[in-house]
Amino acid sequence: MNARTPAEHLLQSADALSHISQQWDDDIVRQLTDYIAIPAKSPGFAPDWEQLGFIDTVVRNAAAWVEAQRVPGLKLEVVRLPGRTPVIFFEVEGTQPGSNAASAQTVLMYGHLDKQPEFEGWRSDLGPWTPKYEDGKLYGRGGADDGYAIYASIAAVQELKRQNVMHPRIVGLVETCEESGSVDLLPYIDLLKTRLGDVGLVICLDSGAGNYDQLWLTTSLRGMASGTLKVEILTEGVHSGDSSGLVPSSFRIMRMVLDRLEDSKTGRLLPQSFYCEVPADRVAQANATAQILGDEIYRRFPWAHYDCGGSTTFALPTTTDPLQALLKRTWEPTLSVTGAEGFPALKDAGNVLRPYSAFKLSLRLPPLVDAVACLGELKALLEDDAPYQAKVTFKPDGAASGWNAPGIDSWFETALNAASRAHFGADCGYIGQGGTIPLMNMLSKGFPTAQMMVCGVLGPKSNAHGPNEFLHVPYAKKLTAAVAQVIASMPAARP
């Protein structure tokens, strides 16, 4: 029992989960079904977002739903800065003694409503904008990443109110530019900083889960640097029979340039400045998580397979060691090519030597590496001294450094384990994530003593950003209840 509150004001876990589950079934799933149907692509993928109006629609719908809940003490505002995507800001008066004083601590709840683009390969009966609820999974783009966050956040606050549990002041910040690197967010944080207050707990519902059997706390996030690498050798395409062997292929030059960055045999990036030492506590946590998840760390991916001599052969990961698998996807730099240009579709590919090749490069960087510095080094590495004096250009899209969670206070660790046991029957798990949430670095710098509850519903096979993305509703229900319980456990004053 928390010393700050009498027993009758502690959250009743079973009652909370029952009521929250009913709210998900009766209302939230329907709200998210409507949300998925709206192609509110992030501005990086829809530069005409303002004219399209989809982002404004999901913001308007979410804000209207929050206001319709009539949460006591809640005030909501849609904040707009010229030329930037909007944010939703809400605040709920605290009920703890002194919780609304200027010196009191605040809980900050975060989510986003913008989405990744469609991508290919959806199951024949599914699609990015055609939601389908099946076997407890709500399929469609954005439901799990991260449309559910604002609905779950408010449902957690509602449960505190329903049970008359005393709580700190709570604020919410829901952006619409996260999938584009949160480039619009910092001006809003500057604008709203005084209204955020002294943030003592951040709840970010935009992360993942190692399984669906316990609460998972994200301990680190990788950084990201991206851009377009273009190799030009001709001003127009020419007959390959006439030119090949004399005119070097732009694709071969691309391979030569990328060899400066990556060892293609191992996938290891070559610049040593892109690496950092993994903290000992993160290695220990990864080892514990490896014991929990085992082979599922890599088996959960949809590996290509084929028939070989009557048996099924599957493609292999870079490692089958569970500990190394965790560290590779969270603490090692890696390169992915996520798009290409200059290549005709196969059905249109004639005997022509193409004038150029362009690749979209996405680098994931370890949490403690400066992404902006890496981007500058990357540009020089790729462009300088081009083979055959080809025109090689790297146009950066942006960079966001990763994040390593601060130390955990005893009250927070106790609350996480208690909430996980109450709703899942197991202690909280700790896992690094390979994705990037730029806000977390901003908040850690602005509120260095805040506890960070970074978690989410992106568990095995949920496939955010890819085809067949789904929201695991049973897990989301338990996560919502766990969030309410952790808020209820937060001390009235900084320890």
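**Helix crossings and strand pairs**

Tutor: Helix α5 passes helix α13 in a right-handed crossing. The model is predicted: local features need pLDDT of at least 70 and side-chain atom pairs count only at pLDDT 80 or more, while totals for chains, interfaces and linings use all residues. Residues are numbered from 1 along each chain as its sequence is written, and side-chain values use heavy atoms, with hydrogens and water left out.

Student: What makes the crossing of α5 and α13 right-handed?

Tutor: The near helix is turned clockwise from the far one by less than a right angle (anticlockwise would be left-handed), and α5 passes α13 in that right-handed way.

Student: Why is α5 called roughly parallel to α13?

Tutor: The axes of α5 (residues 185-196) and α13 (residues 438-446) cross at roughly 30 degrees and come within 11 Å. Angles under 35 degrees count as roughly parallel, over 145 as roughly antiparallel, 65 to 115 as roughly perpendicular and the rest as oblique; therefore α5 is roughly parallel to α13.

Student: Which residues make the contact of α5 with α13?

Tutor: L185, L186, I189 and K193 of α5 meet L439, M442 and G446 of α13 (contact: heavy atoms within 4.5 Å). By class, 5 are nonpolar, 1 is polar and 1 is charged. G446 is the polar one, because Gly counts as polar.

Student: What makes α1 oblique to α14?

Tutor: Helix α1 (residues 13-36) packs against helix α14 (residues 473-489) at an angle of about 130 degrees, with the axes 9 Å apart. That value falls in none of the named ranges, so α1 is oblique to α14. The crossing of α1 past α14 is right-handed. Among the residues that meet are W24 and D25 in α1 and K477 and K478 in α14; this contact has 7 nonpolar, 4 polar and 3 charged residues.

Student: How do you know that strands β9 and β15 pair?

Tutor: Two strands pair if DSSP finds at least two bridges between them. Strand β9 (residues 223-232) and strand β15 (residues 356-365) have 10 bridges in the antiparallel sense, so they pair. Here M224 stands opposite R364 in β15. Strand β9 also pairs with β16 (residues 391-400), in the antiparallel sense over 9 bridges, and T228 stands opposite K395 in β16.

Student: Why are β17 and β18 called edge strands?

Tutor: The open sheet has 3 strands in the order β17-β8-β18, with mixed pairing. Strands β17 (403-404) and β18 (429-433) each pair on one side only, and are the edge strands.

Student: How do you know that β8 and β17 pair?

Tutor: Strand β8 (residues 216-221) and β17 share 2 bridges in the antiparallel sense, which meets the requirement, so they pair. L221 stands opposite W403 in β17.

Notes. Axes fitted to C-alpha atoms, helices over the stretch in contact; angles between N-to-C directions. Helix = DSSP H or I, 4+ residues; strand = E, 2+ residues; numbered from the N terminus.
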